[in-house]
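The following questions and answers examine a single protein chain. Please consult the sequence and the structure as you read.

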Amino acid sequence: MCSQLSNIKIRVAGAVSESITDGPGIRFALFLQGCSHRCPGCHNPETHDPMGGKEITLQDVIDQVSGERYAKYVHGFTFSGGEPFEQAENLIPLAKELKKRSFELASYTGYTFEGIMEAGGKMKEFLELMDVLIDGPFILAQRSLSINFRGSKNQRILDVKKSLEEGKPVLMHDGRWDI
């Protein structure tokens, strides 16, 4: 797998190796570059340009999350952006490798669960690898600082496994995500 990861590139805006704001616990947060949603009031507008940021390999990411420190303290990995689902095809092998390493996977997206399911293909395949999905566009009029892990009240924190089983969005009922 490692040689395959060295050959696949993604465009990133950056990363936070020990985030406490992109999900519960200590997580690695990867900020993907490029977003066609361009939500007014976006927290990361510098990630909108698909040619911005820098190009790295999937192996570069794995190298960052490898080691004893991560095995002991960092148990979650969050895909953020930008829009991760716009690079879904190239992120699938990374998500598979992270799952092998027992990371809980979460992704933010401006798409809805329903929209991803309708789109199908690589977007749905990437979704199927997630444990948690924070979905929906950021809506400035619904912005709230009183909700955890979301920017606006329309966004949902979904249990992906249960949502896929039921064929409809199922809210996460996990005290760690505190919805």
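Q: What area does the protein chain expose, and what share of it do carbon and sulfur atoms supply?
A: The model is a predicted one. Its protein chain exposes about 8800 Å². Of that area, the share supplied by carbon and sulfur atoms is 50%.

Q: What percentage of the residues of the protein chain count as buried?
A: A residue counts as buried when its relative accessible area is under 20%. Among the 179 residues of the protein chain, the portion that meets this criterion is 49%.

Q: In what order do the elements of the protein chain run?
A: The protein chain contains seven helices and seven strands. Read from the N terminus, their order is α-β-β-β-α-α-β-α-β-α-α-β-β-α.

Q: Why is the protein chain described as being as compact as a globular protein of that length, and what is its radius of gyration?
A: For 179 residues the globule rule gives 16 Å. The protein chain comes close to that value, so it is as compact as a globular protein of that length. Its radius of gyration is 15 Å.

Q: How many disulfides does the structure hold, and which cysteine has the sulfur nearest to that of Cys-42?
A: A disulfide requires two cysteine sulfur atoms within 2.5 Å, and the structure holds zero disulfides. For Cys-35, the nearest cysteine sulfur is 6.1 Å away, in Cys-39. For Cys-42, the nearest cysteine sulfur is 6.3 Å away and belongs to Cys-39.

Q: Is Cys-35 buried or exposed?
A: The relative accessible area of Cys-35 is 10%. Buried means under 20%, so Cys-35 is classed as buried.

How values were computed. Residues are numbered from 1 along each chain as its sequence is written. This is a predicted model: local features need pLDDT of at least 70, side-chain atom pairs count only at pLDDT 80 or more; totals for chains, interfaces and linings use all residues. Side-chain values use heavy atoms; hydrogens and water are left out. Helices (H or I, at least four residues) and strands (E, at least two) are DSSP runs, numbered from the N terminus. The radius of gyration is taken over C-alpha atoms; the globule rule is 2.2 Å times the number of residues to the power 0.38. Buried means under 20% relative accessible area, exposed over 50%, partly exposed in between (1.4 Å probe, protein chains only). Accessible areas come from the Shrake-Rupley method with a 1.4 Å probe; for residues, only the protein chains shown count as cover.
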